[in-house]
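Thanks for coming. I will go through one structure today, starting from an aromatic residue and working outward.

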Amino acid sequence: VAALELRSVDLQSPRNNKAHHTQEMGLRRLIVRRGQPFTLQLHFNRPFHCGTDHITFVAETGPAPTKLSGTRATFGLTQARQGNVWSASDFTIDSNSLFVSLFTPASAVIGPYTLKIDISQGQGYSTTHPVGTFILLFNPWSAEDDVYLPSEILLREYIMMDYGFVHKGHERFITSWPWNYGQFEEDIIDICFEILNKSLYFLENPSKDYSQRNDVVYICRVVSAMINSNDDNGVLQGNWGEDYSRGVSPLEWNGSVAILRQWSARGGQPVKYGQCWVFAAVMCTVMRCLGVPTRVVSNFRSAHNVDGNLTIDTYYDRNAEMLSTQKRDKVWNFHVWNECWMIRKDLPPGFNGWQVLDPTPQQTSSGLFCCGPASVKAIREGEIHLPYDTPFVYAEVNADEVIWLFGDGQAQEILAHNTSSIGKKISTKLVGSDQRQDITSSYKYPEGTRGPGDLGGSHHRLLLSWSGGGSKGRGRCTRRERAPGLWKEQLLIFLKILIRGHLSGKQLALEPALVGWEKHFIFKIEPLVIEVCIHIGGITYILEVRIPGKEKPLGLMMMIVMTVSILMTKKIQWPLLLPYNNYRNKLTDEKLIRVSGIAEVEGTGRSILVLKDISLEPPHLSIEVSERAEVGKPLRVHITLTNTRTVALSHCTMVLEGSGLIHGQVSNDLGTLVAGHTIQIQLDLHPFKAGPRQLQVLISSNEVKEIKGYKDVFVAAAR
């Protein structure tokens, strides 16, 4: 009998990829998930004989594959599968072809594999034949995998959905930013493994790194470190200033695909620039691509507590200017991170499920700028001793906020001690919807109640308790409203306060209108800057209007000196007119203004801090599609923008993006849009993937960096 020789191989990629939920990544190459069989067809020079022909499969990954490290597997042909191990079984013979089912264990190392077979007859010599290559991913559909998620609805959202929303703004005015994750674009899977191969762990010890790629906790920590570039040639360079001239403003990204492709094309040079929502959105793309259920989460009024005392201290002088300190503690208007779904075998029972991962470089963890995974359940129960970085995340949603009045070289009094102002409106995209879901209750028990692990009775509340007043009669009021529109000629603001009862030993209620004792007020207007969230103002006896930058004020706009006496039953209002021209060129990225002031009560020496945030609305972008969307057929898109400003928008550019609708991006120069005028754009798209899709549109100009819109489109399969 002639020696058995392999003539050809059919990896059956279209069939296997569809069964493994990877068909969106393409059908030309084999991409499968661990813990699930896939079928191959081997075509020989003659029929395969079970008794005399012996086939051994060899699967290898990594630079120096070994069986001991889990990067090399050898397994023979058997009739039935042998448990959760590498196996080749359930074979059938059809003429010169052998159909065989290969199974990879649910604990296998993920990554690109080479597959070959050794053929021998009896005791004779063996010959080796290459079979092909395949990529192995995590499998959240497999009950044996550590990322198993037993809900098809949730899997459609957290693995298969290639677009979504990032929630930004502040707690009373939350905006939803569309984002193109694009995890199924054909080259993204290769870039994801390129990211792993450029990590410091790989560069230090490639074989050891590969051997740990079966562990989802390890992969998450590596990716968290590699999305930022603080330690390595990570994907994104952060920039929290105002100068983005050497790169792209974080506000001008539509999705992850362009960022990842630029990073890869430039040999792993960090892409400029990112902020928290960009870091988190790109990590969501990578983790979903690798097969880990992932979502993007926004925490409003998020604490950055470096020293671990669960208290954020802020200091102001008597001019109501916030004082810079050596401490890096701060309260961010919002912060964005990720949650990944997994079993935590390294933790005690009860802490599986969603885990916080934060790729924004805030502090080091085991020597690298990464954060997590921290169990959301552990955060809720106060089990801050559990790895990884749980105390830091716990503080982000639970820290106290203490505002001090500083003078004569020392802190003189507490203006506010807020035990419930941190960790508000924790948000993510609602499953199967464009709406926002509030998930605060998964991180903390309702304010005013204590959970089993609440730290309120121990080291959490180190300072005196405070509840809207107290024995010294101090209070704080924060009111946030949406202004009628940014692009008006001027902004009219009313700051209203109500004080009831005597100030000594009684609770203060701060409400609309002002009634009460003789007082002197000063208010300052400043924008609330994202990521810093501490632009506060107001000077006793003086009204001051200032638009600051993130590092220093950009210029005083208005100052008024006033002294006001108020009788017990008298109400007064001071309208403050802020002309548009005074702030048009001084607003920061997030278009927020904070009205704030300190009221000092004569004869008592006590002060009251008052805050009010106003969100300014950009022009509205309208997107419509006129026909039924179908693969391979032109789809007409209508985009309309009206310039509601009093000045022209110059050097307008438009960028369109949407996985399955557009290959890469489409960019157009729109020129200048005159004040009060409307521009209408029509263009044709050519959808190439069926199913639910999202078109993202970004229009930028010299005056406004981000006018964003989106349109959900369902694309029918070609008829």
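**Around the tryptophan**

Trp277 has a relative accessibility of 1%, so Trp277 counts as buried. Please keep in mind that this is a predicted model.

Which ring pairs with Trp277, and is the pair stacked, tilted or edge-to-face? The partner is Phe334, and the pair is tilted, with 6.2 Å between the centres and 40° between the planes. The two rings come from distant parts of the chain: Trp277 belongs to helix H8, residues 276-290, while Phe334 belongs to strand S16, and 57 residues separate them. Phe334 is buried as well, since its relative accessible area is 0%.

Trp277 also has a charge over its ring. The charged end of Lys168 sits there, 3.7 Å from the ring centre.

**The annotated active site**

Next, the record. An unreviewed UniProt entry gives the feature "active site" at Cys276, His335 and Asp358. These three span 83 residues in sequence, but no two of their C-alpha atoms are more than 9.7 Å apart, so they gather at one spot.

Take His335. His335 lies in strand S16, which covers residues 330-342. Is His335 buried or exposed? Its relative accessibility is 0%, so His335 counts as buried. Leaving out neighbours within four places in sequence, the contacts of His335 include both other annotated residues, Cys276 and Asp358. Val297, Ser298, Asn299, Ser302, Thr360, Gln362 and Glu396 are also in contact with His335.

Now Asp358. Where is Asp358 placed? Asp358 sits in the loop between strand S17, 353-357, and strand S18, 374-375. Asp358 is at 0% relative accessibility, and therefore counts as buried. Its side chain makes a polar contact with the side chain of His335, at 2.7 Å. Not counting residues up to four places away, Asp358 touches Ser224, His335, Val336, Trp337, Cys370, Cys371 and Glu396. Glu396 thus appears in the contacts of His335 and in those of Asp358.

**Cysteines**

How many disulfides are there? The count comes to 0. With a cut-off of 2.5 Å between sulfurs, Cys340 does not qualify, because the closest cysteine sulfur, in Cys220, is 4.2 Å away and too far for a bond. Cys340 counts as buried, at 0% relative accessibility. Cys370, one of the residues touching Asp358, is in no disulfide either, and its nearest cysteine sulfur, that of Cys371, is 7.5 Å away. Cys370 has a relative accessibility of 4%, so Cys370 counts as buried.

**Other rings**

Back to aromatics. The whole structure holds 19 aromatic pairs. In one of them, Phe165 and Tyr710, the ring centres are 4.9 Å apart and the planes are at 70°, so that pair is edge-to-face. This pair, too, links distant parts of the chain: Phe165 is in strand S10, residues 163-170, Tyr710 is in strand S38, residues 707-716, and the two positions lie 545 residues apart. How do the two rings differ in exposure? Phe165 is buried, with a relative accessible area of 2%, whereas Tyr710 is partly exposed, at 31%.

Two last items. Phe38, Phe57, Phe75, Trp86, Tyr113 and Phe134 form one aromatic cluster. Arg81 lies over the face of Phe103, 3.9 Å from the ring centre.

To close, the point to take back to the bench is that the three residues of the UniProt "active site" feature gather at one spot in this model.

Technical notes. Residues are numbered from 1 along each chain as its sequence is written. This is a predicted model: local features need pLDDT of at least 70, side-chain atom pairs count only at pLDDT 80 or more; totals for chains, interfaces and linings use all residues. Side-chain values use heavy atoms; hydrogens and water are left out. UniProt positions are given in the numbering used here, feature names are shortened, and annotations may be inferred rather than shown by experiment. Helices (H or I, at least four residues) and strands (E, at least two) are DSSP runs, numbered from the N terminus. Buried means under 20% relative accessible area, exposed over 50%, partly exposed in between (1.4 Å probe, protein chains only). Contact means heavy atoms within 4.5 Å. A polar contact is a pair of N or O atoms within 3.5 Å; within protein, one must be able to donate a hydrogen and the other to accept it, and residues adjacent in sequence count only if both atoms are side-chain atoms. Rings of Phe, Tyr and Trp (its six-membered ring) pair if their centres lie within 6.5 Å; planes under 30 degrees apart count as stacked, over 60 as edge-to-face and the rest as tilted. A charge sits over a ring if NZ of Lys or CZ of Arg is within 6 Å of the ring centre and within 35 degrees of the ring normal.
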